[in-house]
Amino acid sequence: MILTDREIQTFLATRQINIKPKPDLVRYSSTSVDLTLAKQLREWSFDQIEKTRGEIITPGPKLRYSKFRDKYTKKINIPTSKGYALAPNAFVLAWTHETINLPNHSRIAARVEGKSSLARLGLGVHVTAPTIHAGFEGYIQLELCNHGPVSIRLIPGMPICQLIFEMTFGTPEKGYSGKFLRQTK
Amino acid sequence: MNRVKAKIERGSIGSERIAYITTAGGTRAEVLLSAAQTGTNHILAVEVARDKNNVLIELPQETSSGDWRVWVNKKQILRE
C-alpha cells in the first residue's frame, strides 16, 4: 500500500517517518515527496583508473568497498552557482541533502525513484537498487548516470529524486526486538 | 478540480499539449499534458493549499523543472 501525501505528512508529524530538513509543501505529489541534491558528490578518478588498467573488481567478502571507493573516486564540492556538468555516459555517486529515518516499528519501507523531468534528459538516479528498507537511517546515496547525449548541470538543492513510501504487511523481526528489547514486567 | 489559466500550445504528437503556467513567483512553469487535461486557455489541476493571495495547485504531470506543485496567484484560478 503506497502512502499518499496526506499520510506521509501524518507519518512525519508522528515521527513514524523522519525527513530532515522537512520538505516544503511544493515538494510533494499525490503519492511521493521529492528530495534534493547535496553539495558533495564523488566522481571517478580517471588518472587512477588509467594506472590500474586491467584490474578486475571481484564482488564478495574480500571486497572492501570503502577502500575501492577511496582509491577510484574523489570527492567534489559542487559549486552552488556553476553546478556540476554531468557529461554524457558519466556516472557519479551523489547523496540527498535530506536525511531519512524509517523506524523499524513504523512498518514503513520506501523506494527512491527518478523524476520524469530529469529522466527525459537522460538522467538516471540509481542503478537497480531503489529500496530503502525499514530501519534505514541516513542520507540516500544516488548513482547518477547521464544516459542522454547532452551534459546535464547538477545544482545543489535541485529536486533530484522522489521517495515513494509503502506500508509493510507486518513488523519486521528487528522491529520487534528493538521495540520490546528492554521491556520488563 | 480547478481550471487554472495557462497558455496552451500543441505538442509533438496529436494529443500532446504544452502548457505554460505563470507561478506566484513570476516564473513560467512548463508542463507537457494530454489534450484531455487542458482547454484552450487553461489546464485542470487540484488545489492542495491556499494562503491570502495564492493557491498551491498540484499539476496532472511534473513540470520541466521537476515540480508537481506550484503556487499561483488566486486570480489564475478560472473556476472552482
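Which residue in β12(A) does T36(A) stand opposite? The residue is P159(A). The report below describes a predicted model, beginning with the strand pairing in which this residue pair occurs.

## Strand pairing around β12 of chain A

Strand β12 of chain A covers residues 159–167 and runs antiparallel to strand β3, residues 32–44 of chain A, with four bridges joining the two. T36(A) and P159(A) face each other in this pairing.

β12(A) is also joined to strand β7 of chain A, residues 108–113, and here six bridges connect the antiparallel strands. Within β12(A), Q162(A) is the bridge partner of E113(A).

## Nonpolar cores

The largest nonpolar core contains 30 residues. Those with the most contacts inside this core are A110(A), V112(A), V125(A), L142(A), L144(A) and F165(A). Two or more residues each are contributed by β3, β5 (84–86), β6 (91–101), β7, β10 (137–146) and β12 of chain A. The strands β3, β7 and β12 described above are thus among the contributors.

Once neighbours within four places in sequence are left aside, V125(A) is in contact with V112(A), G114(A), L142(A), L144(A), I160(A) and C161(A). A second core, separate from the largest one, has 14 residues, including V4(B), I21(B), L59(B) and V72(B). In soluble globular proteins, nonpolar side chains tend to be buried together.

## Contact between the chains

In the contact between the two chains, 10 residues of chain A meet 13 residues of chain B. On the chain A side, β2 (28–29) and α4 (116–119) each supply at least two residues. The largest share, three residues, comes from α4(A). By residue class, this side of chain A comprises five nonpolar, four polar and one charged.

## Overall form of chain B

Chain B has eight strands and zero helices, and its elements follow one another from the N terminus as β-β-β-β-β-β-β-β. The radius of gyration of chain B is 12 Å, close to the 12 Å that the globule rule gives for 80 residues, so chain B is as compact as a globular protein of that length.

The C-alpha trace of chain B spans about 40 × 25 × 15 Å along its principal axes. Of its 80 residues, 26% count as buried. Among contacts in chain B with a separation of 6 or more, 44% are between residues 24 or more positions apart.

## The open sheet of chain B

Three strands of chain B form an open sheet in the order β2-β3-β4, with antiparallel pairing. β2 (7–10) and β4 (28–34) are the edge strands, each pairing on one side only. Direction ignored, neighbouring strands of the sheet are turned by 25° against each other on average.

Strand β3 of chain B, residues 16–22, pairs with β4(B) over seven bridges in the antiparallel sense. I21(B) stands opposite A29(B) in β4(B), and I21(B) is also one of the residues of the second nonpolar core.

## S15(B) in the loop between β2 and β3

S15(B) belongs to the loop between β2 and β3 of chain B. Is S15(B) buried or exposed? S15(B) is exposed, because 11 other C-beta atoms lie within 10 Å, and a residue with 12 or fewer counts as exposed.

S15(B) and S34(B) are 19 residues apart in sequence, yet their C-alpha atoms are 5.5 Å apart in space. Apart from neighbours within four places in sequence, S15(B) is in contact with S34(B) and A35(B).

Definitions and conventions. Residues numbered from 1 in each chain as written. Chains lettered and ligands numbered in written order. Predicted model: local features only at pLDDT ≥ 70, side-chain atom pairs only at ≥ 80, totals over all residues. Pairing = 2+ DSSP bridges. Contact = placed C-beta atoms within 7 Å. Nonpolar A, V, L, I, M, F, W, Y, C, P; charged D, E, K, R; others polar. Rg over C-alpha atoms; globule rule 2.2 N^0.38 Å. Buried ≥ 20, exposed ≤ 12 C-beta atoms within 10 Å, placed from the backbone. Core = buried A, V, L, I, M, F, W, Y, C linked by C-beta atoms within 7 Å. Axes fitted to C-alpha atoms, helices over the stretch in contact; angles between N-to-C directions.
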